[in-house]
Amino acid sequence: MATPLAPLTTLRLGGPARRFVDAPSADAVVDALRTADEPVLLLGGGSNVVIADEGWPGLVVRVESSGRHVERVPDGTVVLTAEAGEDWDGVVAACVADGLGGLECLSGIPGRVGATPVQNVGAYGVEIADLLVDVDLYDRRTGAVRAHVPAAELGLGYRTSVLKGRDDAVVLRVRYALPGHASSASIRYPELARALGVEPGRTVPTAAARDAVLALRRTKGMVLDPADHDTWSAGSFFTNPVLPEAAAPADAPRWPVGADRVKVPAAWLIEHAGFGRGHAGPGGRVALSGRHVLALTHRGDGTTAELLVLAREVRDGVRAAFGIELVAEPVLVGCVL
Ligand SMILES: Cc1cc2nc3c(=O)[nH]c(=O)nc-3n(C[C@H](O)[C@H](O)[C@H](O)COP(=O)(O)OP(=O)(O)OC[C@H]3O[C@@H](n4cnc5c(N)ncnc54)[C@H](O)[C@@H]3O)c2cc1C
């Protein structure tokens, strides 16, 4: 029987899966995939996918495995191992509660552990690449589990990795290295430093950093709240373009990225191309968030087709204004921008 996928996504959009399996352990994930002879879609928390209204014509496996443990190694570092189906923010909250610093700037990000290396999740100056040791992967091409695949093999970049958009490499388990003390990672992001009242580069107690990150995220609609349509999104819909310095609009904010290249905030480009907060798409059922133009939100009773119309309008408007091509951050499933 077809299974509706919309309720399993944070956008609450997308048609049904022809076949659906909830896999409560790594072994169950492997078993479900080993016998599959149809197109396969892996699903975690559904917070970084845009699924076509037609749904998925094959098998959807939702990764529901649970379990985590920490091990202190002789150099004082702590290695945190978590199953792919663990709720990411639950892991972050538990580390903060246990006095383990390192993850707190990544508080409030929806989704599950298995997806964190997939797009090298990042926020407030920290990204998974800073912490990732290795992953256990199920390789669907060979039918073998590869244990301890090092982070260096995953091609982690800005909101991407070699795993993104693929269905043949499945993350079963992830290991992160934490510094083994109770203070936060150094606070690099200026907005967060200001909120905490410290100079950039300082550390603070992990709980303070988590509280400040969650508070900042809430002002942008970036903490899930089922009652708040501003959070019915896939997070940032576009990545921040990385451009040669000369291609950046003269008055745009920018951060240096290597030699001669800069990252320009997509939100600035969108706003300066004329799209304000709350800008609505077809029928008003989809709209830019009322708190952050980078989130495309579903206001209820909308469709993925409508969301994509809005996304194209924004992308084309930015291209016309600045000659810069915005690229979608979420994984588009069965649809294109
Ligand atoms: C309100 C909101 C705020 C957000 N804020 C941020 C942010 O600050 N920073 C950020 O980086 N992201 C952010 N995101 C995006 C999203 O939360 C992350 O990308 C998250 O890691 C996705 O996890 P998920 O389990 O929901 O993945 P899903 O959406 O279920 O899947 C995403 C992709 O990963 C694949 N995948 C999932 N699990 C596995 C697995 N075990 N093995 C292999 N492939 C897999 C899927 O097939 C799909 O292609 C935000 C999203 C929302 C809705």
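Which residue does the side chain of R173 meet in a salt bridge? The tour of this predicted model opens with that pair and then proceeds to the ligand, a helix and a loop.

**First stop: R173 and its partner**

Select R173 together with D136: their side chains meet in a salt bridge, with 2.9 Å from N to O. R173 belongs to strand β12 and D136 to strand β10, so this pair ties together parts that are 37 residues apart in sequence. Colour D136 by accessibility next; at 4% relative accessibility, D136 counts as buried. As background, side chains of opposite charge can pair when their charged atoms come close.

**Second stop: D134 and R175**

Keep the two strands in view and add D134 and R175. These residues form a salt bridge whose closest N and O atoms are 2.6 Å apart. D134 lies in strand β10 (residues 132-139) and R175 in strand β12 (residues 169-178), so the pair ties together parts that are 41 residues apart in sequence. Both D134 and R175 are buried.

Now extend the selection to E83. Salt bridges link E83, D134, D136, R173 and R175 in a network.

**Third stop: E38 and R18**

How many salt bridges does a search of the whole structure find? The search finds 27. One further pair to select is E38 with R18, whose side chains meet in a salt bridge at 2.8 Å, N to O. E38 is placed in the loop between α1 (26-34) and β3 (40-43), and R18 in strand β2 (residues 16-23), so the two tie together parts that are 20 residues apart in sequence. E38 is buried, its relative accessible area being 11%.

**Fourth stop: helix α1**

From that loop, step back to α1 and select A26, V29, V30, A32 and L33, which are the buried residues of this helix. Look along the axis: these residues cover an arc of only 165° around it, which puts them on the same side of α1.

**Fifth stop: the ligand**

Select the ligand and display the residues around it. Which of the 30 residues around the ligand come nearest? They are L42, G44, S47, N48 and R217.

Three of these contacts can be inspected in turn:

- S47: an N or O atom in the side chain of S47 is 2.6 Å from an oxygen atom of the ligand.
- N48: a polar backbone atom of N48 is 2.7 Å from an oxygen atom of the ligand.
- R217: a polar side-chain atom of R217 lies 2.8 Å from a nitrogen atom of the ligand.

Switch to a surface display at this point. The ligand taken alone exposes 980 Å², and the protein buries 96% of that.

Then colour the shell by residue class. The shell around the ligand divides into 15 nonpolar, 12 polar and 3 charged residues. By secondary structure, β3, β8 (122-123) and β12 each supply at least two residues of this shell. The most comes from β12, with 3 residues. Strand β12 was also visited earlier, as the location of R173.

**Last stop: D230**

Finally, select D230, which is placed in the loop between α4 (206-219) and β13 (242-244). Is D230 buried or exposed? D230 is buried, with a relative accessible area of 9%. Add S289 to the selection: a polar contact of 3.4 Å joins the side chains of D230 and S289.

Note on methods. Residues numbered from 1 in each chain as written. Predicted model: local features only at pLDDT ≥ 70, side-chain atom pairs only at ≥ 80, totals over all residues. Heavy atoms only, no water. Salt bridge = Lys/Arg side-chain N within 4 Å of Asp/Glu carboxyl O. Helix = DSSP H or I, 4+ residues; strand = E, 2+ residues; numbered from the N terminus. Buried < 20%, exposed > 50% of the residue type's maximum accessible area, 1.4 Å probe, protein only. Near = heavy atom within 4 Å. Polar contact = N/O pair within 3.5 Å; in protein donor to acceptor, adjacent residues only side chain to side chain. Areas by Shrake-Rupley, 256 points an atom, 1.4 Å probe, with all protein chains shown as cover. Nonpolar A, V, L, I, M, F, W, Y, C, P; charged D, E, K, R; others polar. Arc of directions from axis to C-beta.
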